[in-house]
Each structure stands twice: as C-alpha cells, then as structure tokens.
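Got your viewer open and your selection box ready? Load the model below and follow along, one selection at a time.

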Amino acid sequence: MYTTLARSLSLLLAATLATLMTFYPPAIARLSHGLLTLVIWGICAGFVHGVGFDPETRLWRAVLGPVSAWLLMGLGLVLIARPYFIGV
C-alpha cells in the first residue's frame, strides 16, 4: 500500500475530486454536511498518502492511510456520480 503506484493513485484521485469540487460545485450540492465532511477527509488523506507522508503513530496511520483515503474517496465518487448515471 505504500508503493509508488499506490501513492500515485491516491494523489490522482484526490486531485480529481478536489478539482471537481472546486470547479463544479453543483456536483456536491446534494450531499449532506456529514457526507461532505467524510469526502473531504478522504481527499485530505489521499493528498497525505499521495505526497509520501507516513505518520508514525497507529492512530494517524489509520486516519490518514491509504485504506481510509480510498474508501472515503470512493464513497465521494459514488455519491457525486450517482445522480448522473443512475438518476437517483
């Protein structure tokens, strides 16, 4: 999980979501505050993992690690893309 490919994937996903949220705000307008907070947490964890920072403590590794980043960014992608593909 700490390979160059994994870090590149984290950085690419985080940059894509951050760009989408910045330049197309209607995509996130339907999300509740709690869900948006989780998605932003995922983006932050994606940037932290993507730039190569490795927290030393277990707590921060869990909070900012690749697993939490990918799960939360995946949740964000599903929530943002759902109205456009499923129509819900």
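What follows is a short walk through a predicted model, from the core outwards.

**Stop 1: the core.** Start by selecting M21, I28, L31, I43 and I80. These are the residues with the most contacts inside the largest nonpolar core, which has 15 residues. Now colour α1 (4-23), α2 (33-50) and α4 (66-85): these are the elements that give two or more residues to this core.

Stay with M21 for a moment. Which residues does M21 touch once its neighbours within four places in sequence are left aside? Show I28, L36, V39, I40 and I43, and you have the list. Two of these names, I28 and I43, you already selected for their contacts inside the core.

**Stop 2: H49.** Next, move along helix α2 until you reach H49. Buried or exposed, would you guess, for H49? Its relative accessible area is 0%, so H49 counts as buried. To see what surrounds H49, leave out the neighbours within four places in sequence and select its contacts: M1, Y2, A6, R7, S10, L64, P66 and W70. Keep R7, M1 and Y2 on screen, as they come back below.

**Stop 3: the salt bridge.** The model has one salt bridge. Pick the side chains of D54 and R7, which meet at 2.8 Å, N to O. D54 sits in the loop between α2 and α3 (58-64) while R7 belongs to helix α1, so this pair ties together parts that are 47 residues apart in sequence. Switch on a surface and compare the two ends. R7 has a relative accessible area of 12%, so it is buried; D54, at 34%, is partly exposed. R7 is also one of the residues in contact with H49, so leave both visible if you want to see the two stops together.

**Stop 4: S68.** Jump to helix α4 and select S68. With a relative accessibility of 13%, S68 counts as buried, because the cut-off for that label is under 20%. Beyond its neighbours within four places in sequence, S68 is in contact with A45, A62 and V63.

**Stop 5: out to the surface.** Still in helix α4, go to L71. Here the picture flips: L71 has 61% relative accessibility and counts as exposed. Add M1, Y2 and V67 to the selection, and you are looking at a nonpolar surface patch of about 400 Å² made by these residues and L71. M1 and Y2 should look familiar, since they are also among the contacts of buried H49.

Terms used. Residues numbered from 1 in each chain as written. Predicted model: local features only at pLDDT ≥ 70, side-chain atom pairs only at ≥ 80, totals over all residues. Heavy atoms only, no water. Core = buried A, V, L, I, M, F, W, Y, C linked by side-chain atoms within 4.5 Å. Buried < 20%, exposed > 50% of the residue type's maximum accessible area, 1.4 Å probe, protein only. Helix = DSSP H or I, 4+ residues; strand = E, 2+ residues; numbered from the N terminus. Contact = heavy atoms within 4.5 Å. Patch = residues over 30% accessible without salt bridge, like charges linked within 9 Å, V, L, I, M, F, W, Y side chains within 5 Å. Areas by Shrake-Rupley, 256 points an atom, 1.4 Å probe, with all protein chains shown as cover. Salt bridge = Lys/Arg side-chain N within 4 Å of Asp/Glu carboxyl O.
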